[in-house]
Amino acid sequence: MNRKEIDTEVFDLLSRAGPAKQKPSPFLFLAMVLVILLTATAFGYGFYQSHFGPRGKITRPIAQSIVPRCFELRGFTESIPPERRYLWIMVDVPDLGLSWPKRRIYGVNEPLETKISEHGPNHTFIVSFYALDRDYTDEILEWFEENRLIGQEGGFPISPRALCVDSLSLRLKGRSE
């Protein structure tokens with residue numbers, strides 16, 4: 001065989017063989033699996049929190065209702081974790097960054113029914129339902145005791161660690177705007 005025939009035969013062999021295949025890097029495969037798992041975990045956690053995480057709802061009165069100074073409040077909580085078992089109804093004034101705790105609710109993860117009395121100066125007010133930890137509840141109880149002793153009712157600071165499970169705006173009956 002001469003050189004030309006050898007070159008032709010090598011060319012034919014290479015043409016039939018196709019491009020050389022490389023095995024994917026095990027590191028690249030591991031990195032892709034890790035990214036997929038982390039993404040799935042993040043989406044799963046977000047789905048769980050939005051569907052099964054701590055929830056609560058004030059069912060009565062409904063938002064923007066006109067209520068008397070003393071009114072009945074109904075609602076429920078679901079999936080409240082043990083560390084957040086201290087439930088409170090509060091009147092919030094976001095512009096001041098203050099709340100006025102109204103009532104502690106003792107039944108966790110069940111329906112609630114209580115009476116709330118509001119004597120603030122505003123025609124409209126916000127009622128919020130909080131699931132709090134033990135430390136925050138202790139601070140509220142200290143606030144109650146201090147205000148009882150000095151005879152004032154200054155607001156209680158709204159804390160970023162407070163978990164508001166529901167909130168709605170109401171209007172007082174018989175007050176002009």
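What share of the contacts in the chain with a separation of 6 or more comes from residues 24 or more positions apart? In this predicted model, such residues account for 73% of those contacts. The chain has 177 residues, of which 29% are buried, and the points below move from the chain as a whole to helix α3.

**The chain as a whole**
- The chain contains three helices and nine strands, and, read from the N terminus, its elements follow the order α-α-β-β-β-β-β-β-β-α-β-β.
- About 12300 Å² of the chain is exposed, and carbon and sulfur atoms supply 60% of that area.

**The length of helix α3**
- Helix α3 comprises the 17 residues 134-150, and because each residue is taken to add 1.5 Å, the helix should span 24 Å, which agrees with the 25 Å that separates its end C-alpha atoms.

**The two faces of helix α3**
- The buried residues in α3 are Tyr-136, Thr-137, Ile-140, Trp-143 and Asn-147, and because they cover an arc of only 110 degrees around the axis, they lie on the same side of α3.
- As a general background to this pattern, an α-helix has 3.6 residues a turn, so residues three or four places apart point the same way.
- On the face of α3 that is turned away from the buried side, the exposed residues are Asp-135, Glu-146, Arg-148 and Leu-149.

**What covers the buried side**
- The cover over the buried residues of α3 includes the strands β4 (86-93), β5 (98-105), β7 (124-132) and β8 (156-157).

Terms used: Residues are numbered from 1 along each chain as its sequence is written. This is a predicted model: local features need pLDDT of at least 70, side-chain atom pairs count only at pLDDT 80 or more; totals for chains, interfaces and linings use all residues. Side-chain values use heavy atoms; hydrogens and water are left out. Helices (H or I, at least four residues) and strands (E, at least two) are DSSP runs, numbered from the N terminus. The expected span of a helix is 1.5 Å times one less than its number of residues. Buried means under 20% relative accessible area, exposed over 50%, partly exposed in between (1.4 Å probe, protein chains only). The arc is that of the directions from the helix axis to the C-beta atoms. Contact means heavy atoms within 4.5 Å. Accessible areas come from the Shrake-Rupley method with a 1.4 Å probe; for residues, only the protein chains shown count as cover.
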